[in-house]
Amino acid sequence: MPTLPLKAVSLLALACVALSIAAPASARPESAALDLELRAGGFYVGLTHSAEPATALSSDRRSLGSRPLHLRETGWDVAELQLALAWQGFPSGRIDGRFGLQLAAALARFQRAVGVPADPVAAATTIAALRREPPRASIPLAWPLLAPLGDGFGPRGSRFHGGLDLIASAGTPVTAAAPGRVTWAGSRPGGWGKLVTLSHGHRVRTMYAHLSTVRVKVGQWIAGGTVLGRVGATGDATGPHLHFEVRVGAAATDPLRALVRIPDVTESVQSG
Ligand SMILES: [Zn+2]
């Protein structure tokens, strides 16, 4: 068991680095402006990391819901649709205001997940569903390791980061956030590197990416806290860190909404 002071120092570092790294890296002005506009329109927007001045907004934009959006349409409202779907857990690649096949596929996946008609133009029922809060994990999840936070769940440059980065040195043990069954263990294409995916029931899955080594096998049932592997930089990673995702059904969700809080320790350190 870690001692209280060790835990406290880790959490203090975590809080400081979260402020200093996550904030500037998370959103370009255009993403922040889109976020503000979505929020103003009543759409679901998660934790925002920056508040760009409204002067960054262009004046001739149409807001999401003001017209049907077809394949190959372009515009500010298409970018809003891309970002709104991403906040609901269905990112579609670059947030560029172009209605391409990736966006059409993400829209269809979202509609299927929330049970609204599969219209291809983002009509009223879809717009209403984009205003609802997305599902959150119904089981408590433990931190897979205690380390400073890198990028969080949200816009990152012109894309959307679907998980939480925990910055730790290569070789740091990564543990299961909850009991579950291993459904992926090993290299996976698409930038994941060496990945472990656990299925916990209750429609909740957790994913641990960029590992240097994997210690579990597909099909294995494991207890919470079991070492799954070690931190690495495999796949699309510029340095050693754990990319941690929490899926509820088909949707990626913000891990910070699911991970257990350890508030007492943090607060006692900050006040001391
Ligand atoms: Zn990441």
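Trainee: Over which residues, starting at 1, does the pLDDT stay under 50?

Mentor: This is a predicted model, where local features need pLDDT of at least 70, side-chain atom pairs count only at pLDDT 80 or more, and totals for chains, interfaces and linings use all residues. Residues are numbered from 1 along each chain as its sequence is written. pLDDT is the predictor's confidence in each residue, from 0 to 100. The model has 43 contacts beyond four places in sequence (C-beta atoms, placed from the backbone, within 7 Å) for the stretch with pLDDT under 50, residues 1-27.

Trainee: How many contacts beyond near neighbours in sequence does the stretch 50-57 have?

Mentor: The pLDDT over residues 50-57 is also below 50. In the model, the number of such contacts for this stretch is 13.

Trainee: Is Arg39 buried or exposed?

Mentor: A residue is buried if 20 or more other C-beta atoms, placed from the backbone, lie within 10 Å of its own, exposed if 12 or fewer, and partly exposed in between. Because Arg39 has 12 C-beta neighbours inside 10 Å, Arg39 counts as exposed.

Trainee: Where does the largest nonpolar core lie with respect to domain 1 and domain 2?

Mentor: A nonpolar core is a set of buried Ala, Val, Leu, Ile, Met, Phe, Trp, Tyr and Cys residues joined through C-beta atoms within 7 Å. The largest one has 63 residues, and Tyr208 is one of those touching the most other members. Domain 1 (24-130) and domain 2 (136-271), with bounds from an automatic or database domain assignment, both give residues to this core, so the core lies between them.

Conventions: Two residues are in contact if their C-beta atoms, placed from the backbone, lie within 7 Å.
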